[in-house]
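User: I am new to reading protein models. Could you take me through this one in short steps?

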Amino acid sequence: MLTHNQSCCTRVYPLTLLLLLASTVCCLSRDVFAQADITDKDSDNSSEQQPAKRDDDKKLLPLEVGAGGNINLEREYRTEAESLFDWHAHMLVESRYVSEGRDNLSGNGLISLSSELVIDDVNFLPWVAHSPGADYTEINLNLIYATALADNLAMSVGYNHIRARYQDERATDNEISFDMGYKLLKQTALFAGAYHSFDANGSFIEVGAKYFDQLVKKFHYTVAISLGANAGYITEGHNGLNNFQVHANAAYMPVLRIEFYAYASYNQAINKDVIQYAADETLGDFFWGGVGLNYLF
């Protein structure tokens with residue numbers, strides 16, 4: 001059975017789209033060799049090649065789709081690189097599809113593609129995902145406005161239309177979200193957010209902290225911890241504290257057009273009760289991870 005957050009898709013066959021876009025990335029990867037002579041000095045000068053940032057005046061913030069379709073604030077080095085090209089795509093292969101601390105597809109992996117566009121100061125972030133092992137497909141269409149309220153304080157509000165298909169079942173949902181981030185120290189930040197499902201008539205809340213840094217110019221990493229709480233979002237799951245997560249992400253950009261990244265995570269269930277709550281069966285203690293590729297066209 002579909003959980004409401006495994007919301008389901010149209011008759012556009014997203015797997016075909018995934019394969020076509022992946023093939024395009026592979027074909028265009030020959031351009032990477034033309035970039036092989038790009039040095040760290042070129043990376044240092046990349047900010048001189050790009051136009052003045054529009055968020056200097058309006059303090060608009062760029063976003064990206066991360067693991068499990070989650071929306072994250074994009075790192076500055078990636079935003080600068082993307083500004084030099086017309087379009088970019090992110091491909092990610094994950095060992096599990098995890099959201100709200102639950103292994104949604106019973107251990108089956110997920111392949112996804114995403115990108116970001118800015119339309120009248122609003123971030124449009126499409127995400128298409130498919131699991132061959134579970135015969136599951138999902139499309140998320142995110143519209144999010146993110147801005148810096150102060151030098152150390154960021155806020156975003158968003159809307160997400162979700163369509164999913166699990167075997168012969170189909171479902172749709174609409175969600176709204178609100179997120180805040182506070183830069184506590186130079187490389188440390190606190191974050192809190194909530195998203196509300198109109199289908200479930202419930203919300204899910206997350207709070208946490210993260211540390212980010214770079215070892216060298218082309219290698220960046222992030223470590224984050226978070227707590228999640230259910231407030232009716234998982235309709236057949238227990239309310240209250242739900243799960244604790246540790247997440248580590250690393251990214252390496254060998255040349256300007258391409259970036260490799262990987263992540264590893266651990267989820268620990270809190271107050272799991274499968275006797276009273278059927279949806280708590282997929283809430284558990286487990287590791288998972290993923291590897292990805294960003295390509296700039």
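Analyst: Start with a term. Buried means under 20% relative accessible area, exposed means over 50%, and partly exposed lies in between (1.4 Å probe, protein chains only). Helices (H or I, at least four residues) and strands (E, at least two) are DSSP runs, numbered from the N terminus. This is a predicted model: local features need pLDDT of at least 70, side-chain atom pairs count only at pLDDT 80 or more, and totals for chains, interfaces and linings use all residues. Residues are numbered from 1 along each chain as its sequence is written, and side-chain values use heavy atoms, with hydrogens and water left out.

User: How many residues of strand β3 are buried?

Analyst: Strand β3 covers residues 88-94. The strand is mostly covered. Of its 7 residues, the buried ones number 5.

User: Which residue in β17 stands opposite histidine 90?

Analyst: Two strands pair if DSSP finds at least two bridges between them. β3 and strand β17 (residues 286-296) are antiparallel and share 7 bridges. Opposite histidine 90 in β17 is asparagine 294.

User: Which residue in β6 stands opposite leucine 92?

Analyst: β3 also runs antiparallel to strand β6 (residues 110-114), with 5 bridges. In β6, the residue facing leucine 92 is serine 112.

User: Which residue takes a positive phi in the hairpin of β10 and β11?

Analyst: β10 and strand β11 (residues 169-185) run antiparallel, joined by 14 bridges. Arginine 165 has arginine 170 as its bridge partner in β11. The hairpin has 2 residues between the strands. The one with a positive phi, near 55 degrees, is glutamine 167.

User: Which element gives the largest share of the largest nonpolar core?

Analyst: A nonpolar core is a set of buried Ala, Val, Leu, Ile, Met, Phe, Trp, Tyr and Cys residues joined through side-chain atoms within 4.5 Å. The largest one has 16 residues, and Tyr97, Leu105, Leu110, Trp127 and Tyr136 touch the most other members. Two or more residues come from each of β1 (63-65), β8 (122-131), β9 (136-150) and β10 (153-166). The largest share, 4 residues, comes from β9.

User: Asparagine 230 sits in strand β14; is it buried or exposed?

Analyst: Strand β14 spans residues 219-231. The side chain of asparagine 230 reaches the backbone nitrogen of tyrosine 233 at 3.0 Å and the backbone oxygen of histidine 238 at 3.1 Å. With a relative accessibility of 3%, asparagine 230 is buried.

User: Which residues does the salt-bridge network join?

Analyst: A salt bridge is a side-chain nitrogen of Lys or Arg within 4 Å of a carboxyl oxygen of Asp or Glu. Arginine 78 bridges to glutamate 64 at 2.1 Å and to glutamate 259 at 2.7 Å. Arginine 96 forms a salt bridge with aspartate 103, at 2.6 Å. Shared partners make one network of Glu64, Arg78 and Glu259.

User: How far apart in sequence are arginine 78 and glutamate 64?

Analyst: Arginine 78 is buried at 9% relative accessibility, and glutamate 64 is buried at 11%. Arginine 78 lies in helix α6 (residues 76-82) and glutamate 64 in strand β1, so their salt bridge ties together parts separated in sequence by 14 residues.

Methods
A polar contact is a pair of N or O atoms within 3.5 Å; within protein, one must be able to donate a hydrogen and the other to accept it, and residues adjacent in sequence count only if both atoms are side-chain atoms.
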